[in-house]
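Could you walk me through this structure, stop by stop? I have it open in a viewer and would like to know what to select next and what is there.

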Amino acid sequence: MDLDPSAEQRELQEMITRFSLDRFPTDIVRAAAEPGRFDRAAWRELAELGTFGIAVDEEAGGVGLRWIDAVLVHESLGAALTPGPLVAAALAAGLVDGVLDGSVVPAIVERPTHGPAFVEHLTSADVLLVIDQDGVSSIDPATVNTRALPTPTDPATPVSIIEELPSGDRLADADTARRWRLLGSLLASAQLVGIAEGSTTLAVAYANEREQFGRPIGSFQGLKHLLADCYARTEVARSALWAAGVLVDEPEAGDLMRAVAGTRVLAARAATENAKTGLQVHGGMGFTWEVDAHLFLKRAWVLETAFGSVDEAAEAVAASLEPGSISS
Amino acid sequence: MHLSDSDADAQFRAELRTWLAEAVPTLPSPPDPRDWPGRRAYDTLWQRMLFDAGYAGVNWPAEYGGRGATPTQHLIFLEEAATAKAPDVGVGFVGQMHAGPTLIAEGTPEQQAHHLRGILTGDHVWCQGFSEPGAGSDLASLRTRAIRDGDHYVVSGQKIWTSHAMVADYCELLVRTDTDAPKHKGISWLIMPMDLPGIEVRPLMTVQGSAEFAELFLDEVRIPVTNRVGEENDGWRVTNVTLSFERGTGFVGELLDTTNIMGELVELARRTPRGPGTAWDDDGLRRDIGAVAAELDALWAFTKRNVSQGAKGGMAMGSGSAFKMSYAAVVHRLGDIALRVLDRSSLAFDDIGEDRTGAQLHHKLKGFAVGIGGGTSQIQQNIIAERVLGLPRER
């Protein structure tokens, strides 16, 4: 047993963080959802680092590492607020030609049971992948009637609405669809954990620098305890995340479905609660567009609904507690 | 990173599991929690069985009588023991978890020879005399006074929250040996035999209605200077050396116990009539239980993380604090859910019929013990804020 990242894994995370902050600085992130802002060159560079093919076999052109490594990478991507269809690319890299090297940009959506489909990053996508109970299908975005939202909730995540999703061409079977849903939830949770940490780091920096009553506001216990809670939420969620990530690679060592669902509950809570705390700690400035605190909160909201809701996840964990379930 | 057992760990686990399956059923039924002599006899009987089987002091170094197992194997030991519903460390807690490791690190060869084996065999039971009525979170402000008189210290003062004092043979005692020095610099660590004249033990009733700990009143207790561990006035450092001995396994037994309580609560909810069905059919309640289960799973993973780090040289600063405050919060949340399931039957503080209803209430109250004892959750928040996040000290 070893649930502590190796030095190489830490270096991998640092490399991703450095690249993201350098290539996608805040002014790029804030405008990422505006029309024509998607930077294909930067996306290809991100692909060249191996970002999307971490867990893809080397023979298939990937990096040949494991899913826990992909989890760690997505944690760093989340903390840096890196824009783009990151989870879609990680899922599709082993199946759709061109995704691995960044030349083909994917978007992914789950087929809704009712109402329109809300699709992230469709405006920059070359291929739309649809997950449903029967499998994964691909659709050429150019052939679909779509409407890009003028004001998506997260200014870094463009969103389009598709009223009628066509059936598309079947790419993979139901097992692949289930696997994508599971891995998609896990990678989104990884980004949520990154967001939980990133928003805390921003708030701590402000609490150290901002002075009132003649001293830094971070010296007041009222703020200290809020921020300590953020730290604890992050570390608890991160522990669940890492265990779930290892279980993808070692499914015999535990209950993967339950671990992924539990991680989703805690990662979503950590990300949203910490981001909300981050706004509060910034006081009036936290309510302004110019401070980045809201970017963490809005990205958390986007990811919170990706590949299943928190309520579904809590329900799945509860179901695993019933006698006769696979877990017990 | 991996979760599966190595070959050596798998073998350790298998042998232990076989032994536990044979040993646990031979135990007599557990004593009434209020029967302290009975508890001592029961806990030390189990400790002797562990000792004879080579499982006493699993994480203690072999040269001091322990098994010298890796931190991972220590975790496996605790996990398997809890799964087999073996007794927990009980009255051996202070000796095995704190006093013994302190003596290993700081004791003289004579002190080690006299005490360590007795802790491992269960013959010696220890208690802890650290906190005082006026020294809680600010432990270093303790005032129990030790005045040198030849080759003895004459000790007077009052200690509180002293678990197992009623049946202990020895007490690890913090005393003030220099009243003029800064508060951290005038403390010494003494081994106090509990049969010395001048020691009065008064049981202290908890909110759970049990005398789980006691107050110690010390009136000119004469303790040999040879019972001092470490240098005079260096007791604060001596006390803290065991922190590096603790490798993240401190709450494993508790965590697995809480997981068992949660399992019982699920059973209870599935049997408790509510509306047209059972309490378990309530979506809100069921999801809240799912969320608590997710937290317990996460804390188990957190423990593995901490043990993994500990095995590599040391836990990250703040990990223990984050774990402890999160664990306290989840015990409270589980207890809150238990009260929702129990509804009016929560008016009875003992088990009703077949259902372990009382156990749920007892566990709910235990949340306070976790969130207060050993450094309150607020102290943990301060530690995280100042030592991990680097926020300025208030004073």
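What follows is a short tour of this predicted model, from the interface between the chains to some single residues.

**Stop 1: the interface.** Start by colouring chain A and chain B separately. Across the boundary, 50 residues of chain A are in contact with 51 residues of chain B. Together the two chains bury about 4500 Å², and carbon and sulfur atoms give 60% of that area. Now select A:M1, A:K224 and A:Y231: these supply 19% of the area that chain A buries against chain B, more than any other three residues.

**Stop 2: polar links across the boundary.** Next, switch on the side chains at the interface. Between chain A and chain B there are ten salt bridges, and 23 residue pairs are in polar contact, both partners having pLDDT of 80 or more. Which elements of chain A give two or more residues to the side that touches chain B? They are α4 (67-79), α6 (174-209), β9 (215-216), α7, α8 (256-281) and α11 (310-320) of chain A. The largest share, 17 residues, comes from α7(A). Colour this side of chain A by class and you should find 27 nonpolar, eight polar and 15 charged residues.

**Stop 3: helix α7 of chain A.** Select residues 221-249 of chain A, which form helix α7. At 1.5 Å a residue, its 29 residues should span 42 Å, and the end C-alpha atoms are indeed 42 Å apart, so expectation and model agree. Why call this helix largely enclosed by the rest of the structure? Because 23 of its 29 residues are buried, that is, under 20% relative accessible area.

**Stop 4: a bridge from α7(A) to chain B.** Stay with this helix and zoom in on A:E235, whose side chain meets that of B:R305 in a salt bridge (2.7 Å, N to O). A:E235 lies in helix α7 of chain A and B:R305 in helix α8 (residues 283-311) of chain B, so this pair joins two chains. Both A:E235 and B:R305 are buried. Add A:E75, A:E197 and A:R238 to the selection, and you have a network of salt bridges linking these residues with A:E235 and B:R305. For another bridge between the chains, select A:E315 and B:R286, which meet at 2.5 Å, N to O.

**Stop 5: bridges within a chain.** Over all chains, the structure holds 52 salt bridges. In chain B, select B:R13 and B:E80, which form one at 2.8 Å, N to O. This pair links distant parts of the chain: B:R13 is in helix α1 (residues 7-23) and B:E80 in helix α3, 67 residues apart. B:R13 counts as buried at 14% relative accessibility, and B:E80 does too at 5%. Then go to A:R37 and A:E34, which meet in a salt bridge at 3.2 Å, N to O. Here A:R37 is partly exposed, with a relative accessible area of 45%, and A:E34 is partly exposed at 41%.

**Stop 6: two backbone angles.** Most residues other than glycine have a negative phi. Select A:H121, in the loop between β2 (117-120) and β3 (127-132) of chain A: its phi is positive, about 65°. Then pick B:K85, in the loop between α3 (71-83) and α4 (93-106) of chain B, where phi is near 55°. Is each side of this pair buried or exposed? A:H121 is buried, with a relative accessible area of 9%, whereas B:K85 is exposed, at 59%.

Methods:
Residues numbered from 1 in each chain as written. Chains lettered and ligands numbered in written order. Predicted model: local features only at pLDDT ≥ 70, side-chain atom pairs only at ≥ 80, totals over all residues. Heavy atoms only, no water. Helix = DSSP H or I, 4+ residues; strand = E, 2+ residues; numbered from the N terminus. Expected span 1.5 Å × (residues − 1). Buried < 20%, exposed > 50% of the residue type's maximum accessible area, 1.4 Å probe, protein only. Contact = heavy atoms within 4.5 Å. Buried area = accessible area lost by both parts, 1.4 Å probe. Salt bridge = Lys/Arg side-chain N within 4 Å of Asp/Glu carboxyl O. Polar contact = N/O pair within 3.5 Å; in protein donor to acceptor, adjacent residues only side chain to side chain. Nonpolar A, V, L, I, M, F, W, Y, C, P; charged D, E, K, R; others polar.
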